[in-house]
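Let's take a walk through a protein chain together. Have a look at the picture first, then read on.

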Amino acid sequence: MDRVVKLIKNRSDIGGGTRGSDLGVDALEVAAINRGSDYFNQFTFEDVKTHNETIYDKNRNTFAKRIEFVLEQCTRVSYTIKRTLEANFLPVVLSGDHSSALGTISGIKAFYPHKTLGVIWIDAHADLHSPYTSPSGNIHGMPLAAALALDNLKCQINEVIPETQQHWEEMKHIGIEAAKIDPEHLIYFGVRDTEEAEDKQIAELGIKNFSVEEVRYKGLAICVEKALAQLANCDMIYISFDVDSLDCDLISNGTGTPVSKGFDQYEVIAMINQMIMSRKVICIEFCEINPLVDTKGNKMAETAFEVLEQITSTLVLPME
């Protein structure tokens with residue numbers, strides 16, 4: 001049976017520190033039009049309701065900004081992903097900021113509570129902060145900590161109010177009342193911009209990061225093969241692609257937190273396609289495209305769309 005893709009459009013940017021990633025989906029669609037592609041007419045889609053207007057509200061939760069609304073948004077995404085999987089679709093999630101990934105992971109686990117999920121995180125950032133450790137309070141830097149149900153109190157720098165604590169506990173229990181993933185089933189590609197609290201967590205938990213340098217030195221195919229071998233005991237794999245994993249100097253700074261010395265789009269395409277060929281990939285997410293800060297027109301979205309179109313062609317290959 002062929003795998004049928006469904007596009008999940010989540011235009012939320014309330015978990016980020018820079019406004020504009022809510023326009024990322026539209027920027028992708030413009031990129032498709034300009035390339036003469038009918039990609040967005042080929043697949044059924046669903047728009048997830050957002051809370052972007054809450055950026056104007058007074059922020060009470062300093063160390064987890066707008067957490068009550070991010071909680072609600074991630075819950076909505078979780079329900080959407082669960083329903084999509086129930087209907088036998090393969091979700092391709094197009095999101096604003098990266099906090100949405102918690103909702104996606106939670107939705108997968110809500111539908112498959114007894115299956116083991118592997119996560120491949122292609123990103124410049126580790127996203128392992130909690131409200132107790134975050135220097136910015138932006139929740140797009142926290143989705144993996146919530147998915148792993150970790151507070152990292154050893155590295156606590158913030159005194160968190162009870163309201164924030166309550167919402168954070170609720171975030172950790174979206175979908176299922178437990179951690180969604182185990183640290184050994186999380187693998188980074190391209191992480192290169194972290195804080196001390198995250199570095200300590202990564203070392204303590206033994207999370208593997210295939211750096212850009214390692215991928216290029218050892219060979220892309222070999223590194224992906226090693227990642228898939230580490231996830232051999234996982235029943236399914238979710239791939240999260242943050243466009244800041246791309247080299248901002250080479251491609252564009254059209255993302256909220258651009259970082260240099262990253263991948264190019266061809267490396268990302270090759271990596272994801274090899275991962276897809278494992279036949280374990282159950283969901284892919286694109287996020288953090290921000291056309292408002294793109295000094296090269298719509299370059300980041302154009303590049304991301306190139307990745308999206310190429311990997312989707314592999315996703316819909318007939319099952320063997």
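What follows goes from the whole chain down to single residues.

**Ground rules**

This is a predicted model, so to speak of local features takes a pLDDT of at least 70 and side-chain atom pairs count only at pLDDT 80 or more, while totals for chains, interfaces and linings use all residues. Residues are numbered from 1 along each chain as its sequence is written, and side-chain values use heavy atoms, with hydrogens and water left out.

**The whole chain**

Start by counting the pieces: the chain has 11 helices and 8 strands. Both are DSSP runs numbered from the N terminus, where a helix (H or I) needs at least four residues and a strand (E) at least two. The chain's radius of gyration is 18 Å, close to the 20 Å that the globule rule gives for 320 residues, so it is as compact as a globular protein of that length. That radius is taken over C-alpha atoms, and the globule rule is 2.2 Å times the number of residues to the power 0.38. If you lay the C-alpha trace along its principal axes, it spans about 50 × 40 × 40 Å.

How much of the chain is buried? Of the 320 residues, 59% are. Here "buried" means under 20% relative accessible area, "exposed" means over 50%, and "partly exposed" is in between, using a 1.4 Å probe and protein chains only. On the outside, the chain exposes about 12500 Å², with carbon and sulfur atoms supplying 52% of that area. The areas come from the Shrake-Rupley method with a 1.4 Å probe, and for residues only the protein chains shown count as cover.

Now for contacts, meaning heavy atoms within 4.5 Å. Take those between residues at least 6 apart in sequence: 77% of them join residues at least 24 apart.

As for charge, you'll find 30 positive and 47 negative side chains, and the centres of the two sets lie 2 Å apart. Lys and Arg count as positive, Asp and Glu as negative, and His and the chain ends are not counted. Each charge is placed at NZ of Lys, CZ of Arg, CG of Asp or CD of Glu.

**Two nonpolar cores**

In soluble globular proteins, nonpolar side chains tend to be buried together. A nonpolar core here is a set of buried Ala, Val, Leu, Ile, Met, Phe, Trp, Tyr and Cys residues joined through side-chain atoms within 4.5 Å.

Which residues touch the most other members of the largest core? In this set of 52 residues, they are F189 and I272. Helix α11 (residues 299-315) gives the most to this core, with 8 residues. There is also a second, separate core of 44 residues, and I14, L85, A101 and M171 are among them. Back at I272, its contacts beyond four places in sequence are I122, I239, F241, I284, V307 and I311.

**Some buried residues**

Here are a few residues to find in the picture.

| Residue | Place | Relative accessible area |
|---|---|---|
| L94 | strand β3 (residues 89-95) | 0% |
| F210 | strand β6 (residues 208-210) | 3% |
| I276 | helix α10 (residues 265-276) | 0% |
| T303 | helix α11 | 3% |
| E68 | helix α3 (residues 67-86) | 16% |

For the contacts that come next, residues up to four places away in sequence are left aside. L94 touches residues including I8, V25, F286 and L308. The C-alpha atoms of L94 and F241 are separated by 9.9 Å, although their places lie 147 residues apart along the chain.

F210 has contacts with, among others, I187, F189, C223 and F263. Its C-alpha atom is 8.8 Å from that of V224, 14 residues apart along the chain. I276 and P291 are 15 residues apart in sequence, yet 28 Å apart in space, C-alpha to C-alpha. I276 itself touches R3, V281, I284, I311, T314 and L315.

T303 is in contact with L246, I251 and Q265, and E68 with R60, N61 and H167.

**Two odd backbone angles**

Finally, look at two loops. N88, in the loop between α3 and β3, has a positive phi of about 70° although it is not a glycine. N88 is exposed, at 59% relative accessible area. A149 is not a glycine either, and its phi is positive too, at about 60°. A149 is in the loop between α5 (143-148) and α6 (162-172), and is partly exposed at 32% relative accessibility.
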